[in-house]
Amino acid sequence: HASLGGWLDTGDHPALDGTGRAENHHGIFAVGGVDRGAHSVSARIGQADPGVMALPGFLGATWLWAPGEEALGLAVGRSSPSDRLARTDGLVHTEGFIRRRFFGGVFLTASVQRIELPRPADGGTEGLWVAGVRLSAGF
């Protein structure tokens, strides 16, 4: 499977150049993967607007096992920093999730995420755990 996509958010987002002006937020992405029975492996790459996003570039991979209405998955990704910031390190994000289809393209997903943030002062990382629930619809 493969897809291309993009988004445009016309809300006011503060520009990263420190001028105080607001900009729209936009980006593009591509997803490609392989499905074999109940298993799916995919990769995603994309670029958001570096003028308003601190970490606009992203690259990730996901494994999904979906034997029925439920699905279990693992994902890992890396975000790269905007060239408009002095920051030189991106972040690494891992996620385990379980997803349930309710009807059609409506899904409820519960997840546990680990985000590794760089500490420029000593070259190490600092981790953050996040539990989440999301509702999504595809059409």
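**A patch and a pocket**

V41 comes out as partly exposed, with a relative accessible area of 48%. In this predicted model, V41 sits in strand β3 and helps build a nonpolar surface patch together with W63, W65, L72, L74 and I98. The patch covers about 550 Å², and β4 and β5 each chip in at least two of its residues. As for why V41 can belong to such a patch, membership takes over 30% relative accessible area, and V41 has 48%.

Then there is the empty space. The largest pocket holds about 1300 Å³, and its lining runs to 36 residues. Closest to the pocket centre are R44, T62, A75, E95 and R134. Plenty of strands take part: β1 (2–14), β2 (22–36), β3 (39–48), β4 (57–65), β5 (70–80), β6 (91–103), β7 (106–119) and β8 (124–137) each put at least two residues into the lining. The largest share belongs to β4, with seven residues. In terms of chemistry, the lining splits into 16 nonpolar, 13 polar and seven charged residues. Strand β4 thus turns up twice, as the top supplier of the pocket lining and as a source of at least two residues of the nonpolar patch.

A last stop is the loop between β7 and β8, which is where G123 is found. G123 counts as exposed because its relative accessible area is 64%, above the 50% cut-off. Along the chain, G123 and D89 are 34 residues apart, while in space their C-alpha atoms are separated by 9.6 Å.

Note on methods. Residues numbered from 1 in each chain as written. Predicted model: local features only at pLDDT ≥ 70, side-chain atom pairs only at ≥ 80, totals over all residues. Heavy atoms only, no water. 1 Å grid on protein atoms, 1.4 Å probe; cavity = no way out; pocket = protein on both sides within 12 Å on 5 of 7 lines; lining within 4 Å. Points joined across faces, edges and corners; volume = space filled by probe spheres on them. Helix = DSSP H or I, 4+ residues; strand = E, 2+ residues; numbered from the N terminus. Nonpolar A, V, L, I, M, F, W, Y, C, P; charged D, E, K, R; others polar. Patch = residues over 30% accessible without salt bridge, like charges linked within 9 Å, V, L, I, M, F, W, Y side chains within 5 Å. Areas by Shrake-Rupley, 256 points an atom, 1.4 Å probe, with all protein chains shown as cover. Salt bridge = Lys/Arg side-chain N within 4 Å of Asp/Glu carboxyl O. Buried < 20%, exposed > 50% of the residue type's maximum accessible area, 1.4 Å probe, protein only.
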